[in-house]
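Hi,

Here's the structure I promised you. Have a look at it first, and my notes are underneath.

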Amino acid sequence: MNDDERRKLQSHELHSARSTASIIAAVLVTAICLYFMFEAAMKSLGQDVWIRSPGQWGQWLTGLPDTANPLVLAAGSLVLLALGLFFLLHGILPGRRARHAITNSRAIVVVDDGVLASTLARRARTEAGVTPEQVVVIISRNHVDVQLRPTSGIGIDAAAVHAAIEDELLANQIEPVPAVRVHVAETGVVGQ
């Protein structure tokens, strides 16, 4: 396997598909089309329309700027803008899965961020001498946030925990290496 194929496969594992946004768009378009088909069928059968016929909707839309409350029109426009931006950004920006790559010359190795967080929490817990409930590790693409709650009366060396977390990331060959931030709470827990 050459380097281009390796990068392509690794990118496939690290980036998410656009299926969620596509499903939402398809459901919205389908619902609108089904509604208009229902209204057209009701009108063609000579029945009363449910809400408005497609022609009435067209007339309502063309008269909307003149008849609508400006605040309601502005709020509706903002909702449509936000929906449009959501779909546009999902189409343009790369979606990220909660995963990191591990450097390996023979295979493509990807580790889930939850597994990595568990490993880093264990290392931080061991270095700080606290229980599992006193450590929280949050991993994003570029950062690892370690939050520690010390036992009352026993201090935690944040620099030692920081060094241990960086050492664990280097030992696991995480690529790219995220920046580490260690936060030690000012209040401790009793008798852990």
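A quick bit of background before the notes: the expected span of a helix is 1.5 Å times one less than its number of residues. Keep in mind that this is a predicted model.

With that in hand, take helix 6, which has 14 residues. From first C-alpha to last it reaches 20 Å, close to the 20 Å expected. V161, A164, I165, E168 and L169 are the ones to look at here, as they are buried. They cover an arc of only 135 degrees around the axis, which puts them on the same side of helix 6. Over on the other side, A159, L170 and A171 are exposed. The cover for the buried residues includes helix 5 (113-128), strand 4, strand 5 (174-175) and strand 6 (179-184). After helix 6 comes Q173, with a positive phi near 55 degrees.

Just upstream, T151 sits in the loop between strand 4 (143-148) and helix 6 (158-171). Its relative accessibility is 11%, so T151 counts as buried. The T151 side chain also makes a polar contact with the side chain of Q134, at 3.3 Å.

As for the whole protein, there are 6 helices and 6 strands, in the order α-α-α-α-β-β-α-β-β-α-β-β from the N terminus. The radius of gyration is 27 Å, well over the 16 Å the globule rule gives for 192 residues, so the protein is more spread out than a compact globule. The C-alpha trace spans about 80 × 50 × 30 Å along its principal axes, and 22% of the 192 residues count as buried.

Cheers

Methods
Residues numbered from 1 in each chain as written. Predicted model: local features only at pLDDT ≥ 70, side-chain atom pairs only at ≥ 80, totals over all residues. Heavy atoms only, no water. Helix = DSSP H or I, 4+ residues; strand = E, 2+ residues; numbered from the N terminus. Buried < 20%, exposed > 50% of the residue type's maximum accessible area, 1.4 Å probe, protein only. Polar contact = N/O pair within 3.5 Å; in protein donor to acceptor, adjacent residues only side chain to side chain. Arc of directions from axis to C-beta. Contact = heavy atoms within 4.5 Å. Rg over C-alpha atoms; globule rule 2.2 N^0.38 Å.
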